[in-house]
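Here's a quick tour for anyone meeting this structure for the first time. Have a look at it, then read on for a few places worth finding.

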Amino acid sequence: ATPGVQASALVSDPPLSGSAPYWAFSVEGVDPPPAEVVQDAVVFSAGPGYFETIGIPLLEGRLPAASDRADAPAVAVVSRGLAHRYWPDRSPLGARITFGDPADTASTWMTIVGVVGDVRQESLAEAPYPQVYLPFAQLPVRSIVIAARGPQDPLALLPAIKAAVAELDRGLPLSQVATMEQMVTATLARPRVNAVLLGGFALVALALAAVG
């Protein structure tokens, strides 16, 4: 509702943050893999509107909605990479997965309701890992990221975001503010430093060889 904010949402870990947890999961009706084989995915808690705010495309099914409350049936949205890996010949919509023991009747089974595009979570150099998104109301977390999109300078939205958070609770800290452009630049910084160092060593080696 704030002027200048085109879209906003909540998520546990934004792209390129490299901090999302990896959880092992099981697929209903499919035998678990051998003990030495890891079957896991990067797991996110996402609120309504997150995919539209960040620009992650919906490929099949639907996205998490406000109706996916804590008391509603458990649902999940998976990435294209995960869908192709475990359901290569059919749609994963309607299939169920669990992060608990599949033999335990108390484990929660989540129905896959959507498939979205892959996202690079660790860095631009690493291929996207299989990803699972759960509705925020069904997977609340201790800390949350506010994602917001605007038509011009993203940092111009910061005062309005701070005001909205303060209106909820003035004791809530707001930290690690960054634009997606800055996060992309940060992931490129280390390779650039390495390239400069290697270039420097190569010049030194060339100079020593010339002197020798």
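Let's start at L174, which is partly exposed because its relative accessible area is 37%, between the 20% below which a residue counts as buried and the 50% above which it counts as exposed. Keep in mind that this is a predicted model. From L174 we'll go to a surface patch, then inside to the cores and two buried residues.

**The surface patch**

- You'll find L174 in the loop that runs between α3 (158-168) and α4 (180-211).
- L174 helps make a nonpolar surface patch of about 480 Å², along with L10, V141, I144, I146, L155 and V177.

**The nonpolar cores**

- As background, nonpolar side chains in soluble globular proteins tend to be buried together.
- The largest nonpolar core here has 18 residues, and the ones touching the most other members are V78, L82, W87, I97, V132 and L134.
- Several elements chip in at least two residues each to this core: the strands β4 (40-46), β6 (75-79), β8 (109-116) and β9 (131-135), plus the helix α2 (80-86).
- The top contributor to this core is β8, with three residues.
- Zoom in on L82 and, beyond its neighbours within four places in sequence, you'll see contacts with F25, A41, W87, P130, Q131 and V132.
- There's also a second, separate core of 16 residues, and A9, A46, I56 and L63 are among them.

**D68, a buried residue in a loop**

- D68 sits in the loop between β5 (58-61) and β6.
- Is D68 buried or exposed? With a relative accessible area of just 5%, D68 is buried, because anything under 20% counts that way.
- The side chain of D68 makes a polar contact of 3.0 Å with the side chain of R62.
- A polar atom of the D68 side chain also lies 2.8 Å from the backbone nitrogen of A65.
- Skipping neighbours within four places in sequence, D68 is in contact with R62, L63, V75, P135, A137 and Q138; of these, L63 belongs to the second core.

**S26, a buried residue in a strand**

- S26 is part of β3, a strand covering residues 26-27.
- S26 has 14% relative accessibility, so it counts as buried too.
- What does S26 touch, leaving out residues up to four places away in sequence? The list is Q39, R96, I97, T98, G100, P102 and W109.
- One of those partners, I97, is a member of the largest nonpolar core.

Note on methods:
Residues are numbered from 1 along each chain as its sequence is written. This is a predicted model: local features need pLDDT of at least 70, side-chain atom pairs count only at pLDDT 80 or more; totals for chains, interfaces and linings use all residues. Side-chain values use heavy atoms; hydrogens and water are left out. Helices (H or I, at least four residues) and strands (E, at least two) are DSSP runs, numbered from the N terminus. Buried means under 20% relative accessible area, exposed over 50%, partly exposed in between (1.4 Å probe, protein chains only). Contact means heavy atoms within 4.5 Å. A nonpolar core is a set of buried Ala, Val, Leu, Ile, Met, Phe, Trp, Tyr and Cys residues joined through side-chain atoms within 4.5 Å. Patches are made of residues with over 30% relative accessible area and no salt bridge: like charges are joined within 9 Å, nonpolar side chains (Val, Leu, Ile, Met, Phe, Trp, Tyr) within 5 Å. Accessible areas come from the Shrake-Rupley method with a 1.4 Å probe; for residues, only the protein chains shown count as cover. A salt bridge is a side-chain nitrogen of Lys or Arg within 4 Å of a carboxyl oxygen of Asp or Glu. A polar contact is a pair of N or O atoms within 3.5 Å; within protein, one must be able to donate a hydrogen and the other to accept it, and residues adjacent in sequence count only if both atoms are side-chain atoms.
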